[in-house]
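Subject: Structure for you to look at

Hello,

Here is the structure I said I would pass on. Please open it and keep it in view while you read the notes below.

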Amino acid sequence: MNIAIVDDEQHCIDALLELLNHYSEHIASIKTYGNVEAAVKGINSFKPDILFLDIQLQDQTGFDVLKQLRFKDFNLVFCTAFEQYAITAFKFSAMDYLLKPIAGEEFNETMEKLLAKSEKDALNGKMQVLMSHLESSGQQHKKICIPTIDGYVFLKMQEIIRCQADVNYTYIFTADQQKFVVSKTLKHFEDLLKPPHFFRVHNSHLVNMDYIQKYTKGKGGFVTLSDQTVLEVSTRRKDEFLRLCKLLEK
């Protein structure tokens, strides 16, 4: 593999180089760049298989690098010193990232995952999802990257009607009557798709509140969605669900 590192701090580059020493048998060449201009010129020529990209580059960003690149056929790993900066957006886009100072264990997990990939990920689609979260505050413009058996599906959050648990898998149902099977738990999506737009009404069901047509009273009660699916509301989640309903009415 050819690897490129873009960072404006030499000690950060040195730290990555030291970590990469353990993977020397897999690496043909490594190039490093300290600013946007050098990175754009170098990456277009070098054509790396993996790019480690710092987010903050003096008065510019790693996104300025990506916007100017002609060559984008690589696996991308963002590096950031700011734990809160864009972390949620990275998770929505299924983009790889490392927090500075980079821990050896986390770096090794990332490298093992990259080495196991047989082909480059859908970078352009992931970047669109990432930017939809960084640039927009409204749910209608935000997307989520769904890893499937065949690759990746990029969905607008507002198109998701519900998510249903099946042990370590999740079924995702959309407004256009599509169904996707994802090898992630429902808890993964609950952490991303949060109230007030989404709510986990039951251990097995996470629903988009915008698609609820009716609530029927009962011990926990039931919700009827726009696709006529009827789901039970668990007793212990009932009060929180009804509070959220009243909040959305305001």
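Strand 1 and strand 2 run parallel and are joined by five bridges; strands, like helices, are DSSP runs numbered from the N terminus (E, at least two residues for a strand; H or I, at least four for a helix). Two strands are said to pair if DSSP finds at least two bridges between them. One of the bridges here links Asn2 to Ser29 in strand 2.

This is a predicted model, in which local features need pLDDT of at least 70 and side-chain atom pairs count only at pLDDT 80 or more, while totals for chains, interfaces and linings use all residues. Residues are numbered from 1 along each chain as its sequence is written, and side-chain values use heavy atoms, with hydrogens and water left out.

Strands 1 and 2 belong to an open parallel sheet of five strands, in the order 2-1-3-6-7. Its edges are strand 2 (29-33) and strand 7 (96-99), each of which pairs on one side only. On average, neighbouring strands of this sheet are turned by 20° against each other, direction ignored. Helix 5 (residues 104-116) packs on the sheet and touches strand 3, strand 6 and strand 7; its direction makes about 165° with that of strand 7. Touching refers to contact, meaning heavy atoms within 4.5 Å. The angles run from 0 to 180 degrees between N-to-C directions, with axes fitted to C-alpha atoms and, for helices, over the stretch in contact.

Now to strand 3. Which strands does strand 3 pair with? Strand 1 (residues 2-6) is joined to strand 3 by four bridges, and the two run parallel; here Ile3 has Ile50 as its bridge partner. Strand 6 (residues 75-80) also pairs with strand 3 in the parallel sense, over five bridges, and Asp54 is matched with Cys79 in strand 6.

Is strand 3 buried or exposed? Five of the five residues of strand 3 (residues 50-54) are buried, so the strand is largely enclosed by the rest of the structure. Buried means under 20% relative accessible area, exposed over 50%, and partly exposed in between (1.4 Å probe, protein chains only). Both faces are covered: Ile50, Phe52 and Asp54 are buried on one side, and Leu51 and Leu53 on the other.

One residue in a helix is also worth finding. Ala39 lies in helix 2 (residues 36-46) and counts as buried because its relative accessibility is 0%. Beyond its neighbours within four places in sequence, Ala39 is in contact with Val6, Tyr33, Val65 and Leu69.

There is another open sheet, made of three strands in the order 15-16-17 with antiparallel pairing. Strand 15 (212-216) and strand 17 (230-232) are its edge strands, each pairing on one side only. The twist from one strand to the next averages 25°. Strand 16 (residues 222-225) and strand 17 are antiparallel and joined by three bridges, with Phe222 opposite Glu232 in strand 17.

As for the whole protein chain, there are eight helices and 17 strands. The C-alpha trace spans about 65 × 35 × 30 Å along its principal axes. Of the 250 residues, 46% are buried. Among contacts with a separation of 6 or more, 53% come from residues 24 or more positions apart.

Regards
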